Amino acid sequence: MPTTPELIAAYEKALYVVFGKPELVIRIGEPNPDLDELLEAEGAETAAYITAANPGGVTTSAWKNEIANAALVETQTKAGYRCFEGEGRDPEGRWKPERSALVVGIPRADAESVGRAFGQNAIVFVERGRAPELVVLGT
């Protein structure tokens, strides 16, 4: 599925949630002191919120999505990054939540490569002290 302006707008409105008590909710373009605190605690300047679900924006079975997301977490953990699992949510409830991971410490170029490797249209990139940014990958 091509990255239409409507699809990009949906990504920009999505809630990128990291599981925990309380949940950490990342929003595009909104600075997040809690996210900055997490990065500082991990000794990292950057992170990326990446999913392996529904490659190319095409709905895939729940099992295929779970397997792909487990592979995402496993590959990034083996690469030496700490992963915090979560899910991307549509605030209007039009699409099902997508399992995802916040990959802490990953450089932007590597994060873009991982997103492309898992067939994603976009990722969320974070630099400590700055608002999270939607990065359209143009797969």
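Strands β1, residues 15–18, and β4, residues 82–89, pair in the antiparallel sense, over 4 bridges. One residue to pick out there is Val-18, whose bridge partner in β4 is Gly-86. Keep in mind that this is a predicted model.

That pair belongs to an open sheet of 7 strands, with antiparallel pairing, in the order β2-β1-β4-β5-β3-β6-β7. Which strands are at the edges? They are β2, at 24–26, and β7, at 133–136, and each of them pairs on one side only. From one strand to the next, the twist averages 30 degrees.

Between β1 and β2 there is a loop, and Pro-22 sits in that loop. The peptide bond leading into Pro-22 from Lys-21 is cis, with omega near -5 degrees.

Now the helices against the sheet. Helix α1, residues 5–13, lies across β1, β6 and β7, and runs at about 150 degrees to β7. Helix α3 lies across β3, β4 and β5, and its angle to β5 is about 5 degrees.

Staying with α3, which spans residues 62–78, I want to look at Asn-65, which lies in it. Is Asn-65 buried or exposed? Its relative accessible area is 13%, so Asn-65 counts as buried, the cut-off being under 20%. Leaving aside residues up to four places away in sequence, Asn-65 touches Ala-53, Asn-54, Pro-55 and Thr-60.

One of those contacts, Asn-54, deserves its own slide. Asn-54 is in the loop between β3 and α3. Its phi is near 45 degrees, which is a positive value in a residue other than glycine. Asn-54 is buried too, with a relative accessible area of 13%.

Last, helix α4, residues 108–117. The buried residues in α4 are Ala-111, Glu-112, Val-114 and Gly-115. Why do they fall on the same side of the helix? Because the arc they cover around the axis is only 160 degrees. The general background is that an α-helix has 3.6 residues a turn, so residues three or four places apart point the same way. On the other side of α4, Ala-109 and Ala-117 are exposed.

What covers the buried residues of α4? The cover includes β3, α3, β6 and β7. So β7 comes up three times in this talk: as an edge strand, under α1 with β1 and β6, and here as part of the cover on α4.

After α4 comes Gly-119, and its phi is positive, near 70 degrees.

Methods
Residues are numbered from 1 along each chain as its sequence is written. This is a predicted model: local features need pLDDT of at least 70, side-chain atom pairs count only at pLDDT 80 or more; totals for chains, interfaces and linings use all residues. Side-chain values use heavy atoms; hydrogens and water are left out. Helices (H or I, at least four residues) and strands (E, at least two) are DSSP runs, numbered from the N terminus. Buried means under 20% relative accessible area, exposed over 50%, partly exposed in between (1.4 Å probe, protein chains only). Contact means heavy atoms within 4.5 Å. Two strands pair if DSSP finds at least two bridges between them. Axes are lines fitted to C-alpha atoms, for helices over the stretch in contact, and angles run from 0 to 180 degrees between N-to-C directions. The arc is that of the directions from the helix axis to the C-beta atoms.
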